[in-house]
Every structure is written in structure tokens, then in C-alpha cells.
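Here are a few exercises to work through with the model open. Try each one yourself before reading the solution.

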Amino acid sequence: MNINFGLIKHILWGKLPPVRVWDSQDELFPEGLTMGTLIIGRQGTGKTSSLARQIVDYFISHPNEAVFVLDWSGSITDTILMLIHQRPPDVREKTVKRIIYDELGNREWVVPFPEFSLEFGSFEEQAQRVSTNLAKLAPALISNAPILGGLGLREIAPQIFRLLTAIDNEYYETWQITEAKKLLIDENLLKVAVNRFGYKVPEAKYFIEKIFLPLKPSERELRSYALLSLLGTIEPKEARARVGYYRPGWTPREAIDKGMMVIVNGANMINQRNSQHYLFTQVYSVIMQEVNKRTPGNPEDKPVSLVMDEVYSLIGIPSMAEEIGMISPLYRSRKLQLFVVLQSLSQLAKPLDDQIWSLGNKVVFALENKDEAEKVAHQLFKYDPRYLKQAARINSQNPITEPEHGQDRLIADWIQSFGFRECLMRRYVSEREPEGIIRYVSRTRENPNWTVNLSEIKEGLLQARAIRVREALEIINNRSLNNDRSRRPPTI
């Protein structure tokens with residue numbers, strides 16, 4: 001049962017609180033989305049349904065703007081697709097054409113997303129991006145073993161990746177990260193590759209010939225151990241097929257130019273955490289690499305939305321979390337609209353647990369943890385010295401005011417009592433103008449309760465961009481320095 005709002009007003013304020021009741025008006029202002037948005041609430045509070053509806057409404061009403069959805073559990077994916085397929089036929093048809101569905105870990109089909117492709121930009125940028133990603137995924141190796149771990153990831157990795165991008169032919173275009181292990185383990189193969197293709201990447205050729213290869217085999221093994229260990233995360237066939245194929249099934253540039261929604265669903269890989277972390281980090285980094293190419297303040301650029309629904313690889317790993325925390329203040333001029341969805345603040349690694357409050361828009365549903373509810377209350381509401389803890393009993397006494405901690409505690413208890421689809425909202429009207437109030441929504445808008453065949457819908461969307469896993473693996477497994485160029489790989 002919900003606590004009576006009038007009673008809350010009487011207990012806490014004795015006057016109109018700094019909250020406005022507005023039934024189900026839970027929309028965010030489009031002009032304020034570049035301030036970033038935090039949506040937080042325990043499981044089953046309705047936060048995913050509310051956000052999915054707003055994402056779909058925004059996507060349909062802004063046909064020239066791209067949306068990227070990184071979904072750890074698959075929940076917001078299902079809701080978005082269901083809502084789209086409940087629209088009138090003409091709207092549904094136009095919207096579905098703008099959807100790219102990318103399902104990680106599907107055993108039969110894979111949407112290729114190689115680490116190295118000229119469609120993403122220069123090979124040098126990509127070599128540095130991938131080595132940086134690996135270092136962020138293994139912070140313990142870097143800090144605890146700076147020589148063995150740090151050297152392998154920060155010095156050896158980029159040189160090996162540069163060499164990989166130099167190995168090309170008419171058949172496979174360029175080698176991929178799936179061949180990195182071969183070069184590191186097979187000394188003869190590495191020497192042949194450097195001799196034949198090293199002229200394209202002279203800095204990598206020098207490093208490998210003058211620094212890496214002269215080391216004793218045991219020393220090379222020690223220095224490359226961390227890199228080999230991380231490369232093991234892409235050994236599962238679904239991951240190997242995805243990052244090892246030579247041509248991407250989609251690119252951020254295409255999605256932005258055509259105003260498309262890219263949904264990356266990681267639900268199939270929840271039990272393969274290391275591989276899932278790698279693949280989500282890869283997708284995120286390629287998207288951000290494209291956003292970084294924008295000129296700050298360019299009026300010709302359209303806003304780009306990035307939705308992260310409990311993506312632990314981005315919010316729970318310290319090195320990645322720090323980068324996420326800088327997105328909202330640093331990328332407003334590039335018109336990036338960030339949405340972060342959480343069940344609790346404990347999901348955030350430092351320093352994101354403090355940086356998360358820099359997101360301007362905040363939507364708070366019921367929270368399970370009492371301390372977290374109090375922290376949210378402290379962030380949302382200012383201290384008001386007029387709050388009374390106890391009125392004066394006689395004229396000669398002064399009333400006792402409620403201290404800041406006491407006010408936060410009372411509001412936190414209220415937040416914990418919220419029912420299904422009940423929330424608080426702090427919104428920005430524009431980048432410069434906050435709404436000025438905390439909005440209390442007694443019940444978010446209802447989503448249509450229609451039944452659609454999501455499995456069939458997903459399969460159709462997936463196959464529009466995918467190839468069979470076995471076909472991708474055939475290309476990858478037959479890759480060598482002496483390929484028969486008479487065959488051509490299947491195209492997407």
C-alpha cells in the first residue's frame with residue numbers, strides 16, 4: 001500500500017513540499033537529454049518499461065536521429081520491440097526498417113563486428129583502441145604486474161595489432177584479432193609476417209625484430225602472458241565468429257547517417273561474463289570513436305542517444321566506469337544523450353558512483369537499500385532549515401528543526417515505500433534550464449498489453465544483418481599467409 005501523500009506533506013513539511021504531483025506525465029524534455037539521464041530502481045518497479053516507451057516515442061518522432069541500446073539482460077530489448085510492433089501498421093513498417101538488431105552469443109547466427117575495418121576509421125586508431133580496451137578490462141594485471149601485465153598490454157599488443165592490419169590479400173582483406181595468438185605463439189609465423197608485411201608498419205617491424213624477437217622464448221612468454229590470457233575471452237565460437245570475420249554487419253557511421261536504432265542484446269552471454277565484457281566494451285568503444293570525430297558545437301550534427309541498461313562491463317569495471325562518468329559533461333557539445341539504467345548504486349565501480357550525479361535528469365523508482373535511498377534523497381532535495389522535528393511546547397521555547405540527515409532519512413523512507421510505476425523525476429528543460437521542481441509521478445503511463453511473437457521478430461531482424469556462425473568460422477579457420485585467392489568469402 002502506498003503512503004498517503006497528504007500525510008507525507010504533513011509529517012515532513014506542514015506545507016506544499018518541493019514536489020509536484022502530475023499523474024502519469026513522466027516524459028523527459030528532448031532539449032534536456034544532452035544533460036544525461038539516470039534511471040534507478042529495484043527490479044520490478046517499472047523503470048525498464050517506462051524508459052523503453054520513451055525511447056520508442058522519441059525514436060519515432062525524431063526520424064533523423066540514431067539510438068544505440070546496449071542491453072545486458074535483454075529486458076529493454078524485448079520491451080522496445082514489443083512496443084514498436086504494437087504501433088499502427090504504417091508506423092510499424094517505417095520504424096522496423098530503421099532497426100538493426102545485434103544479438104550476442106546466438107549459436108546459429110552472428111552479426112560480424114571485427115576489431116579492424118577501414119569502415120570504422122584508420123587502422124592506427126583501431127590498434128590503439130583495442131589495446132586500450134584490453135588494458136581497461138584487466139586493471140589488476142596492470143597495477144599488480146606493471147612489467148609483465150602492463151608491458152604486454154600497452155606495448156606488445158598495439159605492435160601486434162598494427163602487424164595484423166598490415167596482413168591483407170584479396171581473399172580476407174586483413175587479418176583480425178583472432179590471429180593475434182598465432183603470431184604470439186608461433187615464432188616462425190611471426191617472422192614471416194614481419195618480413196612480408198612489416199614494410200607497411202615500420203614501427204611495429206622495428207619493435208618486433210629489435211625488441212620482442214631477441215628476447216628468450218621464456219621471457220617472451222612471460223611478457224605476453226597477460227595479452228594471451230585476455231585473448232582467451234574471444235575463444236568461444238560465437239565470439240570468435242563475431243570479431244574474426246573481415247567485414248562488419250553494421251557501423252556507427254551508418255546508424256548515425258540513416259537515423260537508425262542499433263540494439264545490442266547480450267542476454268545469451270550472461271553465463272560467459274568475460275566474453276560478454278569484451279564484446280560490450282568493443283561495441284561501446286567503436287561507437288565512441290565515431291562520436292569523437294564530431295566537431296564540438298556543430299549545428300549540422302543530430303543528437304545521438306546511447307542507452308546502457310545495467311551493462312556491468314561498462315559501469316562495474318573501474319577503468320571503464322571512470323570513462324562513462326565523463327561522458328555527460330564532456331560530450332554535450334557533441335550532442336551525445338546518455339541514459340544509464342541501474343537497479344542499485346552498488347552496481348557502479350568507483351569513481352562512477354560519485355560521477356553518476358553529474359547526469360542532469362534523474363528518474364527514481366523504489367529502492368531496496370536504505371542507505372542508497374538516503375543517498376538519492378540527499379542528491380535530489382536541498383536542506384530546508386524550516387523543517388520542524390518538534391514544535392515549541394510553550395512560548396518561551398524554540399522549535400527543534402530537523403537536521404539534514406533526518407530530512408534525508410524521512411524522504412528515503414518515503415522512496416522505499418514507492419509502489420509499482422511510482423517515481424520521482426528531476427528534469428532539465430534544456431541544457432541551461434532545470435525544471436525547478438522535483439516531480440512526483442504517482443503512476444507512469446501504461447504500456448499496451450498486446451501479445452507479439454518476439455522470437456520470430458528477433459530472428460527476422462537478426463538474419464537481415466547476420467551470417468551463419470559456421471560460415472564465419474570457416475573463413476577465420478582457413479586464414480593463412482598462403483591463401484588460395486581464387487575463392488571469395490560470402491558477403492553480408
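**Exercise 1: a pair of neighbouring helices**

In this predicted model, helix 9 (residues 187-197) and helix 10 (residues 202-212) pack with their axes 10 Å apart, at an angle of about 140°. Work out how to class their orientation, then find the residues that make the contact.

Solution. Start with the angle: roughly antiparallel needs over 145 degrees, and roughly perpendicular covers 65 to 115. At about 140°, helix 9 and helix 10 are therefore oblique to each other. Next, the handedness: this crossing is left-handed. Now the residues: helix 9 brings L190, V194 and N195, while helix 10 brings K205, I208, E209 and F212. Sorted by class, the contact has four nonpolar, one polar and two charged residues.

**Exercise 2: another helix pair**

Do the same for helix 13 (residues 237-244) and helix 23 (residues 469-477).

Solution. Take the geometry to begin with: the two axes come within 9 Å and cross at roughly 65°. That makes helix 13 roughly perpendicular to helix 23, and the class in question runs from 65 to 115 degrees. The crossing is left-handed here. On the helix 13 side you'll find K237, R240, A241 and G244, which meet V469, A472, L473, I476 and N477 of helix 23. Split by class, the residues of this contact are five nonpolar, two polar and two charged.

**Exercise 3: one helix and its surroundings**

Check the span of helix 15 (residues 273-291) against what's expected, and say how enclosed the helix is.

Solution. Helix 15 has 19 residues and reaches 27 Å from first C-alpha to last, close to the 27 Å expected at 1.5 Å a residue. Then look at burial: 17 of its 19 residues are buried, so helix 15 is largely enclosed by the rest of the structure. For the chain, buried residues make up 56% of the 492 residues.

**Exercise 4: a tyrosine in a loop**

Is Y428 buried or exposed? And which residues does Y428 contact, beyond its neighbours within four places in sequence?

Solution. Locate Y428 to start: it's in the loop between strand 12 (423-426) and strand 13 (438-441). Its relative accessibility is 13%, and the cut-off for buried is under 20%, so Y428 counts as buried. Leaving those neighbours aside, Y428 touches F29, G32, M35, G360, N361, E433, P434 and E435. For sequence distance, try L28: Y428 and L28 are 400 residues apart in sequence, yet 7.8 Å apart in space, C-alpha to C-alpha.

Notes. Residues are numbered from 1 along each chain as its sequence is written. This is a predicted model: local features need pLDDT of at least 70, side-chain atom pairs count only at pLDDT 80 or more; totals for chains, interfaces and linings use all residues. Side-chain values use heavy atoms; hydrogens and water are left out. Axes are lines fitted to C-alpha atoms, for helices over the stretch in contact, and angles run from 0 to 180 degrees between N-to-C directions. Helices (H or I, at least four residues) and strands (E, at least two) are DSSP runs, numbered from the N terminus. Angles under 35 degrees count as roughly parallel, over 145 as roughly antiparallel, 65 to 115 as roughly perpendicular and the rest as oblique. A crossing is left-handed if the near helix is turned anticlockwise from the far one by less than a right angle, and right-handed if clockwise. Contact means heavy atoms within 4.5 Å. Ala, Val, Leu, Ile, Met, Phe, Trp, Tyr, Cys and Pro count as nonpolar, Asp, Glu, Lys and Arg as charged, and the others, Gly among them, as polar. Buried means under 20% relative accessible area, exposed over 50%, partly exposed in between (1.4 Å probe, protein chains only). The expected span of a helix is 1.5 Å times one less than its number of residues.
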